[in-house]
Each structure stands twice: as C-alpha cells, then as structure tokens.
Amino acid sequence: MPVTQRAPEETLKAVLAEVRARGYRMTPQRQLILETVYRSRGHLTAEAILKAVRKRFAGVNITTVYRNLEMLEEIGYVCHAHLGHTPNMYHPTERREHQHLVCRRCGAVEEIGVKPLIPMSKAVLNETGFEVDLTHFALLGTCRHCRESGAG
Ligand SMILES: [Zn+2]
Ligand SMILES: [Zn+2]
Ligand SMILES: [Zn+2]
C-alpha cells in the first residue's frame, strides 16, 4: 500500500480498486465500512462504524462489522489502536504512523508523529533486541491543560 498524503476520496477510490484487483470480494457492507473508516478524520469504534453502516443496511449487526474490520485489517487496509480503557479505534492503514497521547484526567486525545519516540525504541532495541510497536497502544499521561490547571 502506498503511504502518501492523498485526499481521502482519492485514497478511498484507490483502496477500493486495489482490494478488488487483489481478488477480494467487495460486498456493499464491506465497501461502506471501508468508506466510513477512510472518510473519518478521527478514530472510530466498531460501534460508531455500525451506526454509520446501519443508516443504509438496517440489518447489519456488530459481528458483521467486526468480521469485516478483521478481514480488512488482515489484508492491510485498516488498523486499530488502543486509546486506554476504551474499545479499539479504527484507522485507515495509511494513518498508521501516529501515536496517541491520552490524558488520564480529562480523557483528551492528542495525536503526534512517531518521530520523538524513535530514540526510545532504538535504545530498547539495542539493549534487549526487542522491537517496540510505537503506535498500537496509546501513551497515557497528563495533558498540558490539566497540568497547568493544578494538582500535578
Ligand atoms: Zn489516531
Ligand atoms: Zn490491538
Ligand atoms: Zn487533561
């Protein structure tokens, strides 16, 4: 999958074409799930995706959504991350390279690129041979606002 900064609609079109070209079945539900994930700028739970899909296909249930997300994740077009004690959040794969900062106190979620984390992952790799996945789990802490507004 090319990781480029394309407009969401362009990316979506390319992804739909690529999935079909690779010979995967594209049911209307599956297409709508892909569309929903790619058109969202933020982070979607499976429940939120279900809500969007039900507007067009009232009969779809959460199991179908999970099954499709799993399949799309396996073939590389969707990925998920964990933002603390919340359900999985789904992203288009090309937005994989960011990390989430979650404030324990107010729940705010900030996105950062992985660049500031690379020195840490290099140090861990050197010391232990372990390659850290920098994006799968969010980093928890205290946001600037909460820090500045009191009880550290
Ligand atoms: Zn994110
Ligand atoms: Zn996970
Ligand atoms: Zn906060």
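**Exercise 1. What spacing do the donors of the zinc ion (ligand 3) follow along the chain, and what arrangement do they make?**

Step 1. Along the chain, the donors of the zinc ion (ligand 3) are spaced C-x2-C-x36-C-x2-C. Donors here are N, O and S atoms within 2.8 Å of the metal (3.2 Å for Na, K and Ca), and because water is not among the atoms, sites may look incomplete.

A word on conventions: this is a predicted model, in which local features need pLDDT of at least 70 and side-chain atom pairs pLDDT 80 or more, while totals for chains, interfaces and linings use all residues. Residues are numbered from 1 along each chain, chains are lettered from A and ligands numbered from 1 as written, and side-chain values use heavy atoms, without hydrogens and water.

Step 2. Put names to the pattern: Cys103, Cys106, Cys143 and Cys146 each offer SG, at 2.3 to 2.4 Å from the zinc ion (ligand 3).

Step 3. Check the angles. They run from 105 to 112 degrees, so the arrangement is tetrahedral (four donors, all angles between 85 and 135 degrees).

**Exercise 2. Which residues coordinate the zinc ion (ligand 1), and which parts does the pair His43 and His100 tie together?**

Step 1. His43, His91, His98 and His100 coordinate this zinc ion through NE2, at 1.9 to 2.3 Å.

Step 2. His43 sits in the loop between helix H2 (28-39) and helix H3 (46-54), and His100 in strand E3 (residues 98-103), so the pair ties together parts 57 residues apart in sequence. Helices (H or I, at least four residues) and strands (E, at least two) are DSSP runs, numbered from the N terminus.

Definitions and conventions:
Four donors count as tetrahedral if all angles lie between 85 and 135 degrees; four count as square planar and six as octahedral if opposite donors are over 155 degrees apart and all others between 65 and 115; anything else is irregular.
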